[in-house]
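Please take a moment with the sequence and the three-dimensional model shown below. The paragraphs after it treat the nonpolar interior and then the ligand site.

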Amino acid sequence: MKSQEYIELEERIGAHNYHPLDVVLTRGEGVWVYDVDGNKYLDCLSSYSALNQGHVHPRILKALIEQASKLTLTSRAFRSDQLALFYKEITELTGYDMVLPMNSGAEAVETALKVARKWGYVSKKVPRNKAEIIVAEGNFHGRTISIISFSSEPAYKDDFGPHTPGFISVPFGDASALEKAITPNTVGVMLEPIQGESGVNIPPDGYLKKVREICTKTNTLFMADEIQTGLGRTGKLFATMYDDVRADILILGKALGGGFYPVSAVLADNFVLGLIKPGDHGSTFGGNPLAAAVARESLKVLIEEKLTENAAIQGEYFLEQLSEINSPKIKEVRGRGLLIGIEVTKEAGKARKYCEALMKEGILAKETHEQIIRFAPPLTIDRATIDWALDKIRKVLMEN
Ligand SMILES: Cc1ncc(COP(=O)(O)O)c(C=O)c1O
């Protein structure tokens, strides 16, 4: 079948909940992907940062095949010889006492919200059903009913009410607004250290540190959603590390599955996750042996191949070179590590137009909101490939 036939079929019978670029991929290797017509592209999206280790990483593939041929699913009704080791390795890596495994990012966020509420009722003694959680405007934490209830994006929420109560939204980057919003019923503050989906929005230096201080002072849990920013993406293992901050609840997903398998997790110390009792929460697939084996190898690859360090080095170069592009179409270039956004001016047209032009040049990037092109290649990318991409990006931003 040719590209056009796949596209027509997909459009005819699939719900149109995405607006993909019209490229039909069939194979991936490292930073590169190939379409059904034999064209080669540099993946500059990495499935929204789920492919930090690159496409079809051979070590993770091997771990997946080995585990898939032995034992894939036990449910949590029984134990497996993979889960305990996954727990040990991820808690050692992150420095938290305990972990709760899930599948998708949104499920891990939901889990964190539940855990924070339970901590609020049991430990902070907030009156039942009065718990409040503070979030930031422009947030993106997933697509469940409760999560979209506190989105500030009309398209994500307006047709999907009634919404879940108990969330208060404050401007991102404004610590004093956040402090004012705290009440005796506040159990948690949930933030992305850098807002990826809303356009690679980086808060002012010291913001997260101030939020941490406010949370500590007011006995409120600081919850960091590092599903997109975590696991090396921004040039540190976690983006909260830029402000030297340790969250009370760390939420991970995406690259935890190495691009092979949905694996997410909530990490926290005993005083929080220790409150969860049998029956409080669960998932048939969460923590299954295949997921655990894949996540274990994905973390090992990340550490042993020094992908965080590479993201810092290549990201700095990529950002610096992009910032030097002298085009009236560019409003701002911003980023950290290999999470970079180019905001194009309104006069220059929509970001989508540039993503389509980049595709023709062999680069797959995706707009986020109307004006921002996000560049987030696998963390395995090298300098020569970045130079190759820069030539194309310059051309597209100068010509179109
Ligand atoms: C910060 C953040 N949180 C949560 C999610 C939701 O993850 P998932 O799509 O796996 O449910 C995303 C996805 O883009 C995200 O970027």
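The text that follows starts with the conventions and moves from the cores to the ligand.

This is a predicted model, in which local features need pLDDT of at least 70 and side-chain atom pairs count only at pLDDT 80 or more, while totals for chains, interfaces and linings use all residues. Residues are numbered from 1 along each chain as its sequence is written, and side-chain values use heavy atoms, with hydrogens and water left out.

A nonpolar core here is a set of buried Ala, Val, Leu, Ile, Met, Phe, Trp, Tyr and Cys residues joined through side-chain atoms within 4.5 Å, where buried means under 20% relative accessible area with a 1.4 Å probe and protein chains only. The largest such core has 85 residues, of which Leu-256, Leu-322, Phe-375 and Ile-393 touch the most other members. Helix H11 (residues 289-304), a DSSP run of H or I with at least four residues, gives the most to this core, with eight residues. At least three residues come from each of domain 1 (3-56 + 306-399) and domain 2 (58-304), bounds that stem from an automatic or database domain assignment. A second, separate core of 30 residues includes Ala-106, Val-187, Met-223 and Leu-273.

Turning to the ligand, the residues around it, each with a heavy atom within 4 Å, include Phe-140, His-141, Glu-192 and Lys-254. Among the polar contacts (N or O pairs within 3.5 Å), a polar backbone atom of Gly-105 lies 2.8 Å from a ligand oxygen, and a polar side-chain atom of Asp-225 is 2.7 Å from a ligand nitrogen. The protein covers 81% of the 400 Å² of accessible area (Shrake-Rupley method, 1.4 Å probe) that the ligand has on its own.

Technical notes. Buried means under 20% relative accessible area, exposed over 50%, partly exposed in between (1.4 Å probe, protein chains only). Helices (H or I, at least four residues) and strands (E, at least two) are DSSP runs, numbered from the N terminus. A polar contact is a pair of N or O atoms within 3.5 Å; within protein, one must be able to donate a hydrogen and the other to accept it, and residues adjacent in sequence count only if both atoms are side-chain atoms.
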